[in-house]
Amino acid sequence: MTPATTTKEQANLSEKVTVCAESELPAGEMRLIEADGRKIGVFNCAGALYAIEDRCSHDDGPLAEGEFDADACTVECPRHGSLFDVTSGKPRTLPAYVPVQTFPVTVENDTIVLEVD
């Protein structure tokens, strides 16, 4: 007998969320959005777009509100200083050691679109 799968797994559902026009998020900038009840930071690192959850894995505090270093593609947790790689969600420094969730980002018809599951 095979295990049951959820409807979400069967349909491989994901929701597309419009972030903003591509021109409204220039290189070196970040935009915080809310999608599916979660806050997500969308970052532009030299023209490449990345999205991570706005939750430090160390203490569940806000993450995307921290200092964004576009050259290094990192964001610093404003509470305890952990640096997170926005390209992978992985922490680069302690006290955080667990990655945060990342989300696919695309540009469709000059609009930045985020996929959330």
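## Exercises on a predicted model

**Exercise 1.** Find which residues I33 is in contact with, leaving aside its neighbours within four places in sequence, and then place I33 in a nonpolar core.

*Solution.* Start from I33 in this predicted model: beyond its neighbours within four places in sequence, I33 is in contact with V17, V19, R38, K39, I40 and L114. Next, turn to the largest nonpolar core, which has 15 residues and in which I33, V19, I40 and L114 are among those with the most contacts. Finally, look at the elements that give two or more residues to this core, which are β1 (15–21), β2 (30–35), β3 (38–45), β4 (48–53) and β10.

**Exercise 2.** Describe how strand β9 and strand β10 pair, and state which residue of β10 is the bridge partner of V105.

*Solution.* Strand β9 covers residues 105–108 and strand β10 covers residues 111–116, and the two pair in the antiparallel sense over 4 bridges. Within this pairing, V105 has L114 as its bridge partner in β10. Between the strands of this hairpin there are 2 residues, and N109 takes a positive phi near 50°.

**Exercise 3.** Decide whether N44 is buried or exposed, and trace the polar contacts of its side chain.

*Solution.* First, locate N44 in strand β3. Its relative accessible area is 6%, and because buried means under 20%, N44 is buried. Then follow its side chain, of which a polar atom lies 2.7 Å from the backbone oxygen of L25, while the side chain also reaches the backbone nitrogen of G47 at 2.7 Å.

Terms used
Residues numbered from 1 in each chain as written. Predicted model: local features only at pLDDT ≥ 70, side-chain atom pairs only at ≥ 80, totals over all residues. Heavy atoms only, no water. Pairing = 2+ DSSP bridges. Core = buried A, V, L, I, M, F, W, Y, C linked by side-chain atoms within 4.5 Å. Buried < 20%, exposed > 50% of the residue type's maximum accessible area, 1.4 Å probe, protein only. Contact = heavy atoms within 4.5 Å. Polar contact = N/O pair within 3.5 Å; in protein donor to acceptor, adjacent residues only side chain to side chain.
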